[in-house]
Amino acid sequence: MDFKTYIRDINDFPKPGVVFKDITPLLNDKIALKAACETLFDKLNKQHIDKVVGVDSRGFIFAPLLASKLNAGFVPVRKKGKLPYETLAESYKLEYGTDTLEIHTDAIKKGDKVLVHDDVLATGGTAEAVCKLVERLGGEIVQCNFLIQLDFLNGAEKLKGYDIQALLNY
């Protein structure tokens, strides 16, 4: 399936000069949505997964679908202050300043095999912070997968040593 036909470019969003890759047409089409989930699942090559970590917020779309298909638990990683229980935090650099992500301290057990999922791999800062959180809790990252990888932003450089898979590359 040509998934790129389901991705819409939005110019100057969220700020001037940015071309936003809008995944909502893909999500809106039941055949494309199912095929995307199946393709991401197939990229795992039947590896055992205990937990699927989804990154706030669009990572929450496919991560629970993958967790269900993998018979694994789903773990949300959220922006600071959004999780109700005791958390572990990791800050990372943005273009202008920093941001912080949090995970519940009991979400990952030592030795858990973990799939990290987000919608887009751009500069890699978010995914790198998530990997650090998972590893600080004792999880072993099996793969980081993304709906879209923006190769020109070199985010994979921050994830060296991890198996990175993407449905689409730009």
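**Exercise 1. The lining of the largest pocket**

Find which element gives the most residues to the lining of the largest pocket in this predicted model, and then describe the lining as a whole.

*Solution.* Begin with the elements that give two or more residues to this lining, which are β2 (19-22), β5 (87-94), β7 (113-121) and α4 (125-136). Among these, β7 gives the most, with 4 residues. Next, turn to the space itself, where the largest pocket holds about 1,200 Å³. The pocket is lined by 34 residues, and those closest to its centre are Arg58, Val120, Ala122, Thr123 and Leu153. Finally, sort the lining residues by class, which gives 17 nonpolar, 6 polar and 11 charged residues.

**Exercise 2. The crossing of α2 and α3**

Work out how helix α2 and helix α3 are placed with respect to each other, and state which residues make the contact between them.

*Solution.* Two packed helices are described by the angle between their axes and by the distance between those axes. Here α2 covers residues 30-42 and α3 covers residues 59-70, and their axes come within 10 Å and cross at roughly 60°. An angle from 65 to 115 degrees would count as roughly perpendicular and one under 35 degrees as roughly parallel, and α2 and α3 are therefore oblique to each other. The crossing in which α2 passes α3 is right-handed. On the side of α2, the contact is made by Leu33, Ala36, Cys37, Glu38, Leu40 and Phe41, while α3 contributes Phe62, Leu65, Leu66, Lys69 and Leu70. Sorted by class, this contact has 9 nonpolar residues and 2 charged ones, with no polar residue.

**Exercise 3. Backbone exceptions in the loops**

Locate the cis peptide bonds at proline 14 and serine 57, together with the positive phi angles of aspartate 12 and asparagine 45, and say in which loops these residues lie.

*Solution.* Most residues other than glycine have a negative phi, and most peptide bonds are trans. Start in the loop between β1 (8-11) and β2, where proline 14 lies; the peptide bond leading to proline 14 from phenylalanine 13 is cis, with omega near 5°. Aspartate 12 also has its place in the loop between β1 and β2, and although aspartate 12 is not a glycine, its phi is positive, at about 60°. Moving along the chain, asparagine 45 sits in the loop between α2 and β3, and this residue, likewise not a glycine, has a positive phi of about 50°. The last step leads to the loop between β3 (51-55) and α3, where serine 57 is found; serine 57 is joined to aspartate 56 by a cis peptide bond, whose omega is about 0°.

Methods. Residues numbered from 1 in each chain as written. Predicted model: local features only at pLDDT ≥ 70, side-chain atom pairs only at ≥ 80, totals over all residues. Heavy atoms only, no water. Axes fitted to C-alpha atoms, helices over the stretch in contact; angles between N-to-C directions. Parallel < 35°, antiparallel > 145°, perpendicular 65-115°, else oblique. Left-handed = near helix turned anticlockwise from the far one by under 90°. Contact = heavy atoms within 4.5 Å. Nonpolar A, V, L, I, M, F, W, Y, C, P; charged D, E, K, R; others polar. 1 Å grid on protein atoms, 1.4 Å probe; cavity = no way out; pocket = protein on both sides within 12 Å on 5 of 7 lines; lining within 4 Å. Points joined across faces, edges and corners; volume = space filled by probe spheres on them.
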